[in-house]
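Dear colleague,

Please find below the structure that I am handing over to you. My notes on what was found in it follow directly after.

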Amino acid sequence: MCLVELKNSPKPVVSCAMSAKSCLNNSEVFTNSPLVKKARENILEFLLLNHPLDCPICDQGGECDLQDQSLFFGLSKKRFYSFKRVVTDKNIGPIVKTVMTRCIHCTRCVRFASEIAGVDDLGMFGRGMNSEIGTYVEKTFQSELSGNIIDLCPVGALTSKPYPFVSRSWELKNINSIDFSDGFGSNLQVYIKNNNIIKVLPGFQKNEVSSNWISDKTRFSFDGMFSPERVLQGFIKDGKKNTFQFLTWELILDDIVSTLYFQDHLNRHLLEIRTLIIVINDNTSLEVLNLLNLFAKKYSFIKLRKSEGSQLNNDDESSIMLNSVNSLNESDLCLLIGINTRYEGSNLNLKLRKRYLKGNFKLISINSLIDLTFPTFYMGINLKNLKSIVEGNNLVCQDFASHTNPTIIASSEINRRKDSKELNKLLTLLKYKLNKYYSNWNNLNILSSSINETGMNYLNNFKGLKEQDLKNSYGVYFLNSTDNTLNIKKLINLKQLNYLNSDNNYPKLIIDQNNGFNTNTEFLKAYKSNNYINLPNSNFFESNGTYLNTEGIFKTNVKFLSSTKQTKEDWQIIRKIFAYSKRINFTTNIKENNIISFNNTTNLKFKNFTGFLYYANTNLTKYNFYLTNSTAKTKNINQKKFKFSRNKLNSTNFKLWINDFYLGGKDAYSKYSVTMIKCSKQFRLEKTNFNYVL
Ligand code: SF4
């Protein structure tokens, strides 16, 4: 369809296969001449020979390239009276629905699979009239990016399997938003109809390097947000009396504040300070974190804890984010440490693959032996390999010295190791050594596992929940966090073994503000709590929020769905509790009841603090700029500080934390998404030696 006329050429030429330079040098090009029109009409007639006339029932109708072309070049009557050919549909997984009779053999899907996704699963087999697109043997198109072929297919041969026959393109409203499923917060276009999300496509944002591809999780896991398992009404469960009551917000907040009041008195009688622990996770927005910070600063009996802690040094901002992956062209060596870029940040994997395909790029991995869609020089999985590189005893040190601007990429999950403090020092030392050779290159990159992990580390060094915290607590408030993390699972086990045997018989409280999913049941049992309060909060697309992504870019999500039932946004709930608690003067509060202080060590921190608190709340849409440019590089690292004799590095393996892409991330919703569950089941079915049918 891209035929053009070339002066002095006997027949039309295919413009996409011609070098424009050679054409323009020797000749003249006509794109709209009668010959071109006639030629395109003929090609279109050929394309339509075998194409079924099922536009009214085709999901692509209204956004189909073939439909558009036939509007311009199509003939109004047919000249072909033979039977049309029929091609059997292929089952290529739970994401993509195929109607192969509609295929026009443009091979876009095949090229996407082999060139971009790096998985040679799709191909064309048969010749001439018998050409077919497929996987040859029946199998799933096994790529985390498989959903992109739905966008690519110009006709209705590949359409969305989870949402068939739901809408037409003109009925949908298009809204810009961001991804919640990984550390990038990629730009998205979300299409809605009647307050329901119908589809999610890659978005575009000015001033940002955005990718045209999104992962299957980004595209299809949103149904988890609207799972029927959510309880969207606030309720209080009294374990002792075994009663269960749905209540209004006012009564619930009254109940929480009176518990605080009661505990305050109890504290005074017992002459000890027992605390309410607020457990947060890395998906919490900056506004909510700020409010919580204020809350914890005002009342001494509030403790903020992360569901999983890390011994991280967040003084140097560049050591908690990706610094140089957008300038990979300037580098020709990359070291991957304990990271599965494919699952943890498909965006990053695409960048690495793109760079690899350009050539002159060596990748070294200290990792599990996994297929990252590009070859790597595999060094094993043990930490001692990294140590030997830093010590200069490894063969690859030669590569580091001879290549330009080596890039090191590690997952933020390496900070969960027991020896993470020493490991961080090791990485900083490597960075320092490389800076001697390549002084203007910020070589260390840390990939966050969730959307606001960088923001959280940037704001404060929140500690993880520990046994000691639970010993001195009278309540735990789970804010968007579950008892599913390794750290909390460990605490539950300790509790069940009665290891934390300081329990007394005072009533304890669990508050669950977890998108309506009442998931912390194991913890509830182990904590021996009688009282349980469910606070129904809005999901991601029903809330406003600012996040700092793994590249150091502020991402804002603007609420575009109205709240359902009794739900409120996180910051609204925290603010309400805050407001209600002002009615009482706490006696055991060792801090001033009314004065809020914030210790700002630097001016920048203060600016950010006030910015997050006021500006971001009032004007969410316009708060988007690069922070990376202004991030200062820290060079004054004193080498003498690193004395390895004192530090103990465990020569253990780096463990990849995601083994199931579809259900394994840190976002709150994919575990409840029906599509993701189906994908995961299919994935495990094909990966195991024991094929089973569920
Ligand atoms: S993208 Fe669609 S039309 Fe093109 S070859 Fe693939 S299935 Fe056929």
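**Salt bridges and their surroundings**

E308 counts as buried, because its relative accessibility is 14%. Please bear in mind throughout that this is a predicted model. The side chain of E308 meets that of R416 in a salt bridge, with an N to O distance of 3.7 Å. E308 is found in the loop between β14 and β15, while R416 sits in the loop between β18 and α13 (420-437), so the contact ties together parts that are 108 residues apart in sequence. Unlike the buried E308, R416 is partly exposed, with a relative accessible area of 21%. The cut-off matters here: a residue is called buried when its relative accessible area is under 20%.

A second salt bridge joins the side chains of D282 and K306, at 3.8 Å from N to O. This pair also links distant parts of the chain: D282 belongs to the loop between β13 (275-280) and α8 (286-298), K306 belongs to strand β14 (residues 302-306), and the two are 24 residues apart. Both D282 and K306 are buried.

These two pairs are also members of a wider arrangement. A network of salt bridges links D282, K306, E308, E413, R416, E453 and K666. As general background, side chains of opposite charge can pair when their charged atoms come close. Over the whole structure, the search finds 29 salt bridges.

A further example is the salt bridge in which the side chains of K559 and E569 meet, at 3.7 Å from N to O. K559 and E569 both lie in the loop between β24 (554-557) and α18 (570-581), 10 residues apart. K559 counts as partly exposed, because its relative accessibility is 31%. E569, in contrast, has a relative accessibility of 3% and therefore counts as buried.

**The parallel sheet**

Turning to the strands, there is an open sheet of 5 strands in the order β17-β16-β15-β18-β19, with parallel pairing. Its edge strands are β17 (377-378) and β19 (444-447), each of which pairs on one side only. Within this sheet, strand β15 (residues 333-337) runs parallel to strand β18 (residues 407-411), and 4 bridges join them. Across this pairing, L335 stands opposite I408 in β18.

**The antiparallel strands β8, β9 and β10**

Strand β8 (residues 173-178) and β9 run antiparallel and are joined by 6 bridges. I175 has V190 in β9 as its bridge partner. On from there, strand β9 (residues 187-193) pairs with β10 in the antiparallel sense, over 6 bridges. Two of the facing positions may be useful for inspection: I192 has I197 in β10 as its bridge partner, and L188 stands opposite P202 in β10.

β9 and β10 form a hairpin with 2 residues between them. N194, in the turn of this hairpin, has a positive phi of about 50°. Both strands of the hairpin are mostly covered: in β9, 6 of its 7 residues are buried, and in strand β10 (residues 196-202), 5 of its 7 residues are buried.

**Surface charge and a long-range contact**

Which residues gather in a patch of positive charge on the surface? They are K418, K463, K466 and K490. Among them, K463 has its place in the loop between α14 (453-459) and α15 (467-471). K463 has a relative accessible area of 53% and is therefore exposed, since exposed means over 50%.

Finally, I would draw your attention to Y506, which lies in the loop between α16 (486-496) and β21 (509-513). Y506 counts as partly exposed, because its relative accessibility is 30%. Y506 and L266 are 240 residues apart in sequence, and their C-alpha atoms are 9.2 Å apart in space.

With kind regards

Note on methods: Residues numbered from 1 in each chain as written. Predicted model: local features only at pLDDT ≥ 70, side-chain atom pairs only at ≥ 80, totals over all residues. Heavy atoms only, no water. Pairing = 2+ DSSP bridges. Patch = residues over 30% accessible without salt bridge, like charges linked within 9 Å, V, L, I, M, F, W, Y side chains within 5 Å. Areas by Shrake-Rupley, 256 points an atom, 1.4 Å probe, with all protein chains shown as cover. Salt bridge = Lys/Arg side-chain N within 4 Å of Asp/Glu carboxyl O. Lys, Arg positive; Asp, Glu negative; His and termini not counted. Charge placed at Lys NZ, Arg CZ, Asp CG, Glu CD. Buried < 20%, exposed > 50% of the residue type's maximum accessible area, 1.4 Å probe, protein only.
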